[in-house]
Amino acid sequence: MSLISVLGSPTVLRRVLWTDAASGAATGALQLAVPGVLSAWLGLPAAWITASGALIFAFVALAVYLTTRAAVPRSGLWLLVLGNAAWVVGCLELAFAGPATLTAWGQAYLLVQAVAVAVLAELQWMGLRRASRSVELGLS
């Protein structure tokens, strides 16, 4: 069994979506709970931390919605993959061209987010590509 076929299975795709939702919820909750502390550590404005924490919950809601459908809607999965890709680009841009106040911890935080979200987006993309070749995934 190839890696693509394993990652394209409905069970694995749903686990990836749940992982995306859970990790997003944890990150969003952290950013909403202690934006001032994070601002001091990361060197990012507290307003940016709060706004991005709230935005993360839109991704969480979409991932949960997709996971709980009998058949994962392809359009919703596309939206999540593209949103995750945009998040990666935004994190990289901030990490390398962000505010002068960005600390080493802030750069590390953004780079870890970029890598983690890129991995999730790639796994979701692999599931989406596999689904386009197979109807066995229950994707619509």
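Which helix gives the most to the lining of the second largest pocket? In this predicted model, that helix is α6, with five residues. The pocket is described below, after the nonpolar core and the largest pocket.

The largest nonpolar core consists of 25 residues. Those with the most contacts inside this core are Leu17, Leu44, Leu66, Leu77, Leu80, Trp87 and Leu110. At least two core residues come from each of five helices, namely α2 (10-33), α3 (35-42), α4 (46-67), α5 (74-97) and α6 (104-133). The largest share is that of α4, which supplies seven residues.

Trp87, one of the core residues with the most contacts, was examined for its neighbours. When residues up to four places away in sequence are not counted, Trp87 touches Ser52, Leu55, Ile56, Phe59, Gln113 and Val117.

Trp87 also takes part in the largest pocket, where Ser52, Trp87, Cys91, Leu94 and Leu110 are the lining residues nearest the centre. Ser52 is thus named twice, as a contact of Trp87 and as a residue of this lining. Leu110 likewise appears both among the core residues with the most contacts and in the lining. Rolling a probe the size of a water molecule over the atoms shows where empty space is left. The volume of the largest pocket is about 280 Å³, and its lining is made up of 15 residues. Helices α4, α5 and α6 are the elements that give two or more residues to this lining. The largest share comes from α5, with five residues. Sorted by class, the lining has 11 nonpolar and four polar residues, and no charged residues.

The second largest pocket holds about 240 Å³ of space. Its lining has 14 residues, and Ser23, Gly24, Thr27, Gln113 and Val117 lie nearest the centre. Gln113 and Val117 are also contacts of Trp87. Each of α2, α4, α5 and α6 supplies at least two residues of the lining, and α6 gives the most. By class, there are eight nonpolar residues, five polar residues and one charged residue in this lining.

A further set of contacts concerns Ser39, which lies in helix α3. A polar atom of the Ser39 side chain is 2.6 Å from the backbone oxygen of Leu44. Leu44 is itself one of the residues with the most contacts inside the largest nonpolar core. Leaving aside residues up to four places away in sequence, Ser39 touches Leu44, Pro45, Ala46 and Ile49.

Conventions:
Residues numbered from 1 in each chain as written. Predicted model: local features only at pLDDT ≥ 70, side-chain atom pairs only at ≥ 80, totals over all residues. Heavy atoms only, no water. Core = buried A, V, L, I, M, F, W, Y, C linked by side-chain atoms within 4.5 Å. Buried < 20%, exposed > 50% of the residue type's maximum accessible area, 1.4 Å probe, protein only. Helix = DSSP H or I, 4+ residues; strand = E, 2+ residues; numbered from the N terminus. Contact = heavy atoms within 4.5 Å. 1 Å grid on protein atoms, 1.4 Å probe; cavity = no way out; pocket = protein on both sides within 12 Å on 5 of 7 lines; lining within 4 Å. Points joined across faces, edges and corners; volume = space filled by probe spheres on them. Nonpolar A, V, L, I, M, F, W, Y, C, P; charged D, E, K, R; others polar. Polar contact = N/O pair within 3.5 Å; in protein donor to acceptor, adjacent residues only side chain to side chain.
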